[in-house]
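Good morning, and thank you for coming. I should like to take you through one protein model, beginning with its pockets and then turning to a helix and a few single residues.

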Amino acid sequence: MTLKERFLHLCTPFTQNPDLINHLWLEIEQKYSEKSRYYHTLEHLDLMFSELDPVKDKIENFIGISFSVFYHDIIYDATSKSNEEKSAEFAKLRLQQLNIDQNTIAEISGQILATKLHQRSDNKDTNYLLDADLSILGKDPETYSDYTQKIRKEYSIYPDLLYKPGRKKVLKHFLALEHIFKTPYFADRYEIQARENIVLELKNI
């Protein structure tokens, strides 16, 4: 299933307006295809869904978490410290157009905000979202290296003098977490490799 097909299928139960659904999809496609993006692209969304689909039966509200995936990086500016807040607000306005109930919108908004610090949540679905978002950290070294190069391109506005200390801070934040991955499924798959990848990157910065 393509991302577009997935999104159309996701929205259909909430509105009979195909023009609205198509507009919302084109907006997502445009945002994630901005020239300044190298990692936080549609490919990133595809990766997240490929990680979440196998654990669909463990997720209580797969519709909600799916909307969270589509909108969690809808606003992405390397110079901003409020991307998550802006993305959550953006999602709220769009989901209201789909007439999604307020409780679900609030849950989705909370999930998007949780991607800022990646702390363990009391909401099980949120933990699955966070783990899928960070799954790239636990991939093989070659894939991880490609990811780090794409992140560097997204922050190309900053010289190494500024980028490297910031990157080190982010990586040390992940290492300081008791568990990078919050769910047993993802921890078993990626925790060890993720820590090895991060330690190696820190040595090379």
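The largest pocket in this predicted model has a volume of about 1,200 Å³. Its lining is made up of 34 residues. Those that lie nearest the centre of the pocket are Glu84, Lys116, Tyr155, Gly166 and Val170. Four elements give two or more residues to this lining: α5, which covers 83-97, α7 at 124-134, α8 at 141-154 and α9 at 160-176.

Which of these elements gives the most to the lining of the largest pocket? That is α9, with 8 residues. As for the chemical character of the lining of the largest pocket, 15 of its residues are nonpolar, 11 are polar and 8 are charged.

Let us move to the second largest pocket, which holds about 280 Å³ of space. It is lined by 15 residues, and Tyr144, Thr148, Glu201, Asn204 and Ile205 are the closest to its centre. The elements giving two or more residues here are α8, α9 and α10, the last of these running over 184-204. In this pocket α8 gives the most, with 6 residues. The lining of the second largest pocket divides into 5 nonpolar, 5 polar and 5 charged residues.

Perhaps I may add a general word on how such spaces are found. When a probe the size of a water molecule is rolled over the atoms, it shows where empty space is left.

I now turn to helix α6, which spans 102-114. This helix has 13 residues, and from its first C-alpha to its last it reaches 18 Å, close to the 18 Å expected at 1.5 Å a residue. At the start of α6, please look at Asp101: one of its side-chain oxygens comes to within 3.2 Å of the backbone nitrogen of Asn103.

Which residues of α6 are buried? They are Thr104, Ile105, Ile108, Ser109, Gln111, Ile112 and Ala114. These buried residues pack against three elements, namely α4 at 62-71, α5 and α7.

The packing against α5 can be followed at a single residue, Ala88, which has its place in helix α5. Is Ala88 buried or exposed? Its relative accessibility is 4%, and therefore Ala88 counts as buried, the cut-off being under 20%. Leaving aside its neighbours within four places in sequence, Ala88 is in contact with Ser109, Ile112 and Leu113. The C-alpha atoms of Ala88 and Ile108 are separated by 7.8 Å, although these residues stand 20 residues apart along the chain.

Finally, I would draw your attention to two loop residues. Asn99 is found in the loop between α5 and α6, and His118 in the loop between α6 and α7. Asn99 is not a glycine, yet it has a positive phi of about 65°. His118, likewise not a glycine, has a positive phi of about 55°.

How do the two residues stand with regard to burial, and why? Asn99 has a relative accessible area of 62%, so it is exposed, because that term applies over 50%. For His118 the relative accessible area is 6%, so this residue is buried.

To close, let me return to the two pockets with which I began. In the largest one, α9 gives the most to the lining, whereas in the second largest that place belongs to α8. Thank you for your attention.

How values were computed: Residues numbered from 1 in each chain as written. Predicted model: local features only at pLDDT ≥ 70, side-chain atom pairs only at ≥ 80, totals over all residues. Heavy atoms only, no water. 1 Å grid on protein atoms, 1.4 Å probe; cavity = no way out; pocket = protein on both sides within 12 Å on 5 of 7 lines; lining within 4 Å. Points joined across faces, edges and corners; volume = space filled by probe spheres on them. Nonpolar A, V, L, I, M, F, W, Y, C, P; charged D, E, K, R; others polar. Buried < 20%, exposed > 50% of the residue type's maximum accessible area, 1.4 Å probe, protein only. Contact = heavy atoms within 4.5 Å. Expected span 1.5 Å × (residues − 1). Polar contact = N/O pair within 3.5 Å; in protein donor to acceptor, adjacent residues only side chain to side chain.
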